[in-house]
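Welcome! Here is a short briefing to help you find your way around a new structure. Please take a look at the sequence and the model first.

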Amino acid sequence: MTTNYTIRVETPADYAEVSNLVRESFWNVYAPGCTEHYVIQHLRKSEGFIKELSFVMEKDGRIIGQNIFFKAEITADDGSKVPVLTMGPICIAKDLKRQGYGKILLDYSFDKAAELGFGAVFFEGNIDFYGKSGCEYASSYNIRYYLFPEGTDPSEQCFFLCKVLKPGYLGSFKGVYAPPKEYFVAEENPEDFELFDAGFRMK
């Protein structure tokens with residue numbers, strides 16, 4: 001891996017290139033096709049979007065990676081709401097994966113989120129990759145994913161991870177996390193998604 005890359009905040013001029021990058025990166029990875037390129041455009045339009053934490057990574061005049069953060073919350077057992085972040089989609093161009101760029105972008109993103117004062121990030125992912133950047137199982141902080149009832153074996157939620165940005169932020173409470181509704185926009189608007197994705201297929 002060379003060091004001639006830059007990481008900066010995304011601008012509207014990047015949106016088309018980022019959409020293509022995201023679609024190509026996620027296509028047929030977790031399911032047939034993908035919706036991440038559709039989701040990301042809705043995240044940018046929503047109240048929970050944090051433009052200062054929407055990043056692109058460039059190399060040789062090309063965007064090779066991106067990451068985005070969005071406001072979320074934990075519902076504690078006492079009913080209170082604890083503000084946190086969620087993250088993603090995050091990706092690196094297919095031809096540059098497994099070369100260290102993903103970790104560099106991830107670590108940079110976490111550092112910037114911490115600088116802005118956010119306390120923790122919750123998201124879904126593989127601990128084998130994210131653990132290298134200090135991420136942990138969310139269950140170790142007594143936070144469970146919304147699809148699982150209380151008392152579920154933590155091993156069943158091994159995809160549900162968190163990164164503590166501010167030591168002690170999660171305290172001693174128990175709680176539940178659900179992804180913001182914006183992440184389900186493709187399921188809620190399938191016809192609109194098909195029209196959106198058709199524009200990529202016709203190119």
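What follows is a short tour of the fold, the cores, the pockets and a few backbone details.

Please keep in mind that this is a predicted model. The chain has six helices and 10 strands. Its 203 residues give a radius of gyration of 17 Å, which agrees with the value near 17 Å that a compact globule of this length would have.

**Overall shape and packing**

- Along its principal axes, the C-alpha trace spans about 50 × 40 × 30 Å.
- Of the 203 residues in the chain, 46% are buried.
- Take the contacts between residues at least 6 apart in sequence: 70% of them join residues at least 24 apart.
- Helix α2 is a good place to see burial, as it is mostly covered, with eight of its 10 residues buried.
- Those buried residues of α2 are His37, Tyr38, Val39, Ile40, Gln41, His42, Leu43 and Arg44.

**The nonpolar cores**

- The largest nonpolar core holds 45 residues. Phe69, Met87, Phe110, Val121, Phe123 and Tyr130 have the most contacts inside it.
- Strand β2, residues 49–59, gives this core its largest share, six residues.
- To follow one core residue outward, try Met87: leaving aside residues up to four places away in sequence, Met87 touches Asn67, Ile68, Phe69, Leu106, Phe110, Val121, Phe122, Phe123, Tyr130 and Tyr183.
- Apart from the largest core lies another one, of 14 residues, and Val82, Ile143, Tyr145 and Phe160 are among them.

**The largest pocket**

- The volume of the largest pocket is about 1,400 Å³.
- A total of 40 residues line this pocket, and Phe26, Tyr30, Ile90, Glu124 and Tyr130 lie nearest its centre.
- Several elements give two or more residues to the lining: α1 (15–26), α2 (36–45), β4 (81–87), β5 (91–92), α3 (101–115), β6 (120–124) and α4 (127–130).
- Helix α3 provides the largest share of the lining, three residues.
- Sorted by class, the lining has 23 nonpolar, 10 polar and seven charged residues.
- Tyr130 links two topics here: Tyr130 is one of the residues nearest the centre of the largest pocket, and Tyr130 is also among those with the most contacts inside the largest nonpolar core.

**The second largest pocket**

- The second largest pocket encloses about 220 Å³ of space.
- It is lined by 13 residues, of which Asn142, Arg144, Gly151, Thr152 and Gln157 are the closest to its centre.
- Three residues of this lining are nonpolar, six are polar and four are charged.

**Backbone details worth a look**

- The peptide bond from Gly88 to Pro89 is cis, with omega near 10 degrees. Pro89 sits in the loop between β4 and β5.
- Asp60 has a phi near 55 degrees, a positive value in a residue other than glycine. You will find Asp60 in the loop between β2 and β3 (62–76).
- Is Asp60 buried or exposed? Asp60 is exposed, because its relative accessible area of 63% is over the 50% cut-off.
- Asn142 also has a positive phi, near 60 degrees, and is likewise a residue other than glycine. Its place is in the loop between β7 (136–137) and β8 (143–145).
- With a relative accessible area of 42%, Asn142 is partly exposed. Asn142 is also one of the residues closest to the centre of the second largest pocket.

Notes:
Residues numbered from 1 in each chain as written. Predicted model: local features only at pLDDT ≥ 70, side-chain atom pairs only at ≥ 80, totals over all residues. Heavy atoms only, no water. 1 Å grid on protein atoms, 1.4 Å probe; cavity = no way out; pocket = protein on both sides within 12 Å on 5 of 7 lines; lining within 4 Å. Points joined across faces, edges and corners; volume = space filled by probe spheres on them. Helix = DSSP H or I, 4+ residues; strand = E, 2+ residues; numbered from the N terminus. Nonpolar A, V, L, I, M, F, W, Y, C, P; charged D, E, K, R; others polar. Core = buried A, V, L, I, M, F, W, Y, C linked by side-chain atoms within 4.5 Å. Buried < 20%, exposed > 50% of the residue type's maximum accessible area, 1.4 Å probe, protein only. Contact = heavy atoms within 4.5 Å. Rg over C-alpha atoms; globule rule 2.2 N^0.38 Å.
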